[in-house]
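Biologist: Before I rely on the terms used for this model, I should like to hear the reasoning behind them. Please take me through it.

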Amino acid sequence: MPSNLNKANLSRIRFLDGKRLFLTPLAECDLESTYRWFHDKEFVDLVGSYLQPTSMAKYRDGFDKLLMSCDGKTRVFLSIIHKSSGAFIGNVSLDGIDQYERKAAFGVFIGEKRYRGKGYAIEAARLLFRFGFEDMGLRRIESSTHVLNKGSQALHQKLGFVREGVARQQYFYGGRYVDSIKYGMLRQDYQRSLKIS
Ligand SMILES: CC(C)(COP(=O)(O)OP(=O)(O)OC[C@H]1O[C@@H](n2cnc3c(N)ncnc32)[C@H](O)[C@@H]1OP(=O)(O)O)[C@@H](O)C(=O)NCCC(=O)NCCS
C-alpha cells in the first residue's frame, strides 16, 4: 500500500463507482487543489478560462457559491478520486440541467497533470453519462472546446460526441481570438458509443 495514500478521500461517498476511479460530490476539502489548478496558465488556457490571480479568500467565496449550487437538479458537479492512491485528480460536471428539454452541458478536467493520458477522463465521463442518460433521463448532452485544445477534441471524439458546429472567435487565447467547436450527444449516440467501446 503506498505511504501517501489519501485515506480521507477514499472514505468519501462513492456516488458513481468505476474500475479505477470513483466520483463523489464536490466538497470543501477539494478547495486547495482547484485553487492551484486555476492558477496554472497551461490549465486555464486549455479550459478556455483566464488566469486571474485571486486571493484564497476571494476564491473561497466563489467555491462556496459553487458548492451551494450543486443541487443535483440543475447542476451535478463531481470530484474524481483515483482509487489506488486516493488522489483527487479532477472534476466532471453536468451544468445547466434543463428538466423540460432534458439536456445538460458537460465539463471535465484532470487537474493533476501526472494523471493525464491514462484514460481517466474517458472513464469518468462514461460514468457520468450513464448516470445522465440512464438515471436522470437526459436526452442530450452538449459540450464545446476551443480549436487549439487537441486533447479535448480527441476525448470528445472518443466519447462519441458529434461535431455540430463552430462558434467563431469564441475564446481569447494566447493573444488572439480562436474558434470553439460545438459538440452534441443524443441518447442514441451514447448507446452507439457503448457498442463501439
Ligand atoms: C482534456 C483532458 C480532460 C483529457 O483527459 P485525459 O485523462 O488525459 O484523457 P484520456 O487519457 O481519457 O484520453 C482520451 C483520449 O484523448 C486522447 N488525448 C488525451 N490527451 C491528448 C492530447 N493532449 N493530445 C492528443 N490526444 C489526447 C487520448 O489519446 C485518448 O484517445 P485514445 O484512447 O484513442 O488514445 C485533460 O487533458 C485535461 O484535463 N486537460 C486540461 C483541461 C481541459 O482541457 N479540459 C477540457 C476542456 S473542454
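The exchange below concerns a predicted model and takes up strand pairing, the nonpolar core and one helix.

Biologist: What makes β6 and β8 a pair of strands?

Modeller: Two strands pair if at least two bridges are found between them. Seven bridges join β6 (residues 140-146) to β8 (residues 176-186), so the criterion is met and the two are called paired. They run antiparallel, and Thr145 stands opposite Ile181 in β8.

Biologist: How do you know that β7 pairs with β8?

Modeller: The same cut-off of at least two bridges applies. β7 (residues 162-173) shares eight bridges with β8 in the antiparallel sense, and therefore the two strands count as a pair. Ala167, for instance, has Ser180 as its bridge partner in β8. Two residues lie between the strands of this hairpin, where Gly174 has a positive phi near 55°.

Biologist: Which residues have the most contacts inside the largest nonpolar core?

Modeller: That core has 37 residues, and those with the most contacts inside it include Leu23, Ile80, Ala125 and Leu128. Among the elements that give two or more residues to the core are β2, β4, α5 and β8. The most comes from α5, with eight residues.

Biologist: What is Ala125 in contact with, leaving aside its neighbours within four places in sequence?

Modeller: Ala125 is in contact with Val92, Val108 and Leu159.

Biologist: Why is α4 called hardly covered?

Modeller: A residue is buried if 20 or more other C-beta atoms lie within 10 Å of its own. Zero of the 14 residues of α4 are buried, so the helix is called hardly covered.

Conventions:
Residues numbered from 1 in each chain as written. Predicted model: local features only at pLDDT ≥ 70, side-chain atom pairs only at ≥ 80, totals over all residues. Helix = DSSP H or I, 4+ residues; strand = E, 2+ residues; numbered from the N terminus. Core = buried A, V, L, I, M, F, W, Y, C linked by C-beta atoms within 7 Å. Buried ≥ 20, exposed ≤ 12 C-beta atoms within 10 Å, placed from the backbone. Contact = placed C-beta atoms within 7 Å.
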